[in-house]
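User: Could you walk me through how to read a metal site and a ligand pocket in a model like this?

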Amino acid sequence: MRKTTLLSTALICLAMLSSCGDKPEVPAGDPNTKSSGSVFAMDTYMTVTAYGDDREAGVSAATEEMTRLEKLWSVTDEQSEIYAVNHAGGGSTAVSGETAELLEFALDMHEATGGALDISLYPVLRAWGFTTGEYRVPDEEEIASLLEKTGAEKISLGDNTVTLPEDMEIDLGAVAKGCAGDKAVAALKEQGVECAILDLGGNIQTLGETKPDGTKWKIGIRDPYGEGSAATLETGEGAVITSGGYERYFEQDGKVYKHILDPKTGRPAESGLASATAIGDEGRYCDALSTSLYVLGAEGAEELWRKRGDFDMVLICEDGSFVITEGIEQSFQLTVPAELKVLRK
Ligand code: AMP
Ligand code: MG
């Protein structure tokens with residue numbers, strides 16, 4: 001049911017429209033020369049493409065970084081810090097500074113989104129089978145009792161320590177990829193790379209305001225109702241991160257159940273959105289936002305955008321219409337016929 005591989009391939013090709021054709025070999029030292037590398041981490045294919053003389057060292061450093069972070073934050077790897085936190089039986093767990101920092105960020109975003117982003121939903125996600133692929137529809141009673149074990153506000157952070165009430169479990173699935181992207185970009189920069197594009201299972205992050213040929217990056221926004229893209233966006237350096245029900249779902253008795261849950265109900269969010277894309281400077285922020293916007297729906301997303309004002313967004317509604325924010329109006333282009341509403345401050 002997962003379409004991540006296809007999605008990644010489609011997006012990376014769109015993101016580098018000019019580089020997917022049958023181009024002749026470019027001579028060494030040419031700034032357009034690129035190298036790519038992929039790893040499977042955080043349940044998705046992550047591809048890094050870097051340009052310039054330091055590109056190979058950069059790609060190695062970035063892919064190693066993503067593998068390292070997967071080991072740190074995996075919910076199933078018994079060696080990971082998150083596994084240790086989840087199995088502490090109510091006690092405190094010492095974690096690294098970078099894990100503590102990401103947890104603190106996730107808790108801040110829980111508050112900022114009125115609870116739409118909640119990293120403590122793991123027991124509920126497991127009951128639905130979203131963690132294993134053994135899908136089922138839990139009954140109301142089961143959901144109600146599982147919801148008692150959730151609530152990110154119950155997580156306490158100390159000086160690089162984390163304490164969860166017994167029976168609570170966390171998973172960083174909604175923010176880890178974006179944060180890994182930020183750290184992979186830092187690893188690329190450390191190797192001297194100035195121009196690169198990362199496709200982390202549909203999340204696009206770029207290094208450099210333009211491609212080496214001086215043109216902007218062109219990112220495809222996936223069509224939730226078909227293959228390929230429904231729109232394109234030209235961007236500089238930053239993150240374009242999408243959350244969509246189509247990424248993981250199952251069907252039972254004619255009803256489709258999608259993998260992003262509304263923390264208030266413990267059921268798949270039914271907010272009227274098919275996908276939500278957040279555009280901004282930082283991967284982890286856009287990752288947290290895209291999941292939250294999807295849960296909040298068009299009205300709640302608009303409210304959050306007006307309150308914070310430090311990101312742009314593309315919402316694809318279930319009726320096929322689009323909502324975008326004014327900051328991307330000039331760089332956004334529909335590739336399917338659709339109604340488009342532009343939000344202005
Ligand atoms: P993303 O693809 O970034 O939107 O993250 C979605 C993933 O985060 C899901 O596959 C779940 O593992 C987890 N998740 C689902 N609903 C939520 C939520 N409301 N808050 C935080 N994480 C969630
Ligand atoms: Mg997310």
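Analyst: Let's take the metal site, then the ligand. This is a predicted model, where local features need pLDDT of at least 70, side-chain atom pairs count only at pLDDT 80 or more, and totals for chains, interfaces and linings use all residues. Residues are numbered from 1 along each chain as its sequence is written, chains are lettered from A and ligands numbered from 1 in the order in which they are written, and side-chain values use heavy atoms, leaving out hydrogens and water.

User: Which protein donors does the magnesium ion (ligand 2) have?

Analyst: Donors are N, O and S atoms within 2.8 Å of the metal (3.2 Å for Na, K and Ca); water is not among the atoms, so sites may look incomplete. Here they are Ala174 (O), Asp287 (O), Asp287 (OD) and Thr291 (OG1), 2.0 to 2.4 Å from the ion. Ala174, in the loop between β5 and α7, and Asp287, in helix α8, are 113 residues apart and link distant parts of the chain. Helices (H or I, at least four residues) and strands (E, at least two) are DSSP runs, numbered from the N terminus.

User: Is aspartate 287 buried or exposed?

Analyst: Buried means under 20% relative accessible area, exposed over 50%, partly exposed in between (1.4 Å probe, protein chains only). Aspartate 287 is buried, at 5%, while alanine 174 is partly exposed at 21%.

User: Which side chains make polar contacts with ligand 1?

Analyst: A polar contact is a pair of N or O atoms within 3.5 Å; within protein, one must be able to donate a hydrogen and the other to accept it, and residues adjacent in sequence count only if both atoms are side-chain atoms. Among them, serine 243 comes to 2.5 Å from a ligand oxygen, histidine 259 to 2.8 Å and aspartate 287 to 2.9 Å.
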